[in-house]
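Trainee: Got a minute to go through a model with me? I'd like to pick out a few spots in it.
Mentor: Sure, put it up and start wherever you like.

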Amino acid sequence: RGFSIKKNSRVLIVEDVITTGKSSLECFKLIKKYKAKLVGFACLIDRSEKLKIKYKIISQVKLRIPTYNKKNLPSFIKKIPVTKPGSRFLKWIN
């Protein structure tokens, strides 16, 4: 958003929380597009279990949070109303 990456520059992708790795992989594609070099991935909280990132992630905290598919939900979770997590599509009010 509003910046470019110089060719052959070294880039470290840093996030607050990595869960699926989707945002990090979007950044990685941009790094490749600009022909820069990925140094690595870092985050404050790594809660990834089923991650698409094949590189090592350096984190301050690793949390193991179980995930379930729709057909295999424990009964105590079935009672909780469904909400859409994350902030990817939040609209900020200035």
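Trainee: Let's start with Ser 48. Leaving aside its neighbours within four places in sequence, which residues is Ser 48 in contact with?
Mentor: Ser 48 touches Ile 18, Thr 19, Ile 57 and Lys 62, once the neighbours within four places are set aside. Keep in mind that this is a predicted model.

Trainee: Okay, and where is Ser 48 found?
Mentor: In the loop between strand 2, residues 37-46, and strand 3, residues 57-62.

Trainee: Is Ser 48 buried or exposed?
Mentor: Ser 48 is buried, because its relative accessible area is 5% and the cut-off for buried is under 20%.

Trainee: What does the side chain of Ser 48 pair up with in a polar contact?
Mentor: The side chain of Asp 46, with 2.5 Å between them.

Trainee: Switching topic: how is the whole protein laid out along the sequence?
Mentor: The pattern reads β-α-β-β-α, so you have two helices and three strands.

Trainee: How much of the protein is buried?
Mentor: Buried residues are 19% of the 94 residues. As for surface, the protein exposes about 8,600 Å², and carbon and sulfur atoms supply 57% of that.

Trainee: And what about contacts between residues far apart in sequence?
Mentor: Take the contacts with a separation of 6 or more: 57% of them are between residues 24 or more positions apart.

Trainee: Back to the surface. Which residues form a nonpolar patch there?
Mentor: Leu 12, Val 14 and Val 39 do, and together they have about 270 Å² of accessible area. Val 14 sits in strand 1, residues 10-18. Val 14 counts as exposed because its relative accessibility is 56%, and exposed means over 50%.

Trainee: Last thing, backbone angles. Which residue in the segment before strand 1 should I look at?
Mentor: Asn 8, which lies in that segment. Its phi is near 65°, a positive value in a residue other than glycine.

Trainee: Why is a positive phi worth pointing out?
Mentor: Because most residues other than glycine have a negative phi.

Trainee: What about Lys 35, what is its phi near?
Mentor: Near 55°, again positive in a residue other than glycine. Lys 35 is in the loop between helix 1, residues 22-33, and strand 2.

Trainee: How accessible are those two residues?
Mentor: Asn 8 is partly exposed, with a relative accessible area of 45%. Lys 35 is exposed, at 52%.

Definitions and conventions:
Residues numbered from 1 in each chain as written. Predicted model: local features only at pLDDT ≥ 70, side-chain atom pairs only at ≥ 80, totals over all residues. Heavy atoms only, no water. Helix = DSSP H or I, 4+ residues; strand = E, 2+ residues; numbered from the N terminus. Buried < 20%, exposed > 50% of the residue type's maximum accessible area, 1.4 Å probe, protein only. Polar contact = N/O pair within 3.5 Å; in protein donor to acceptor, adjacent residues only side chain to side chain. Contact = heavy atoms within 4.5 Å. Patch = residues over 30% accessible without salt bridge, like charges linked within 9 Å, V, L, I, M, F, W, Y side chains within 5 Å. Areas by Shrake-Rupley, 256 points an atom, 1.4 Å probe, with all protein chains shown as cover. Salt bridge = Lys/Arg side-chain N within 4 Å of Asp/Glu carboxyl O.
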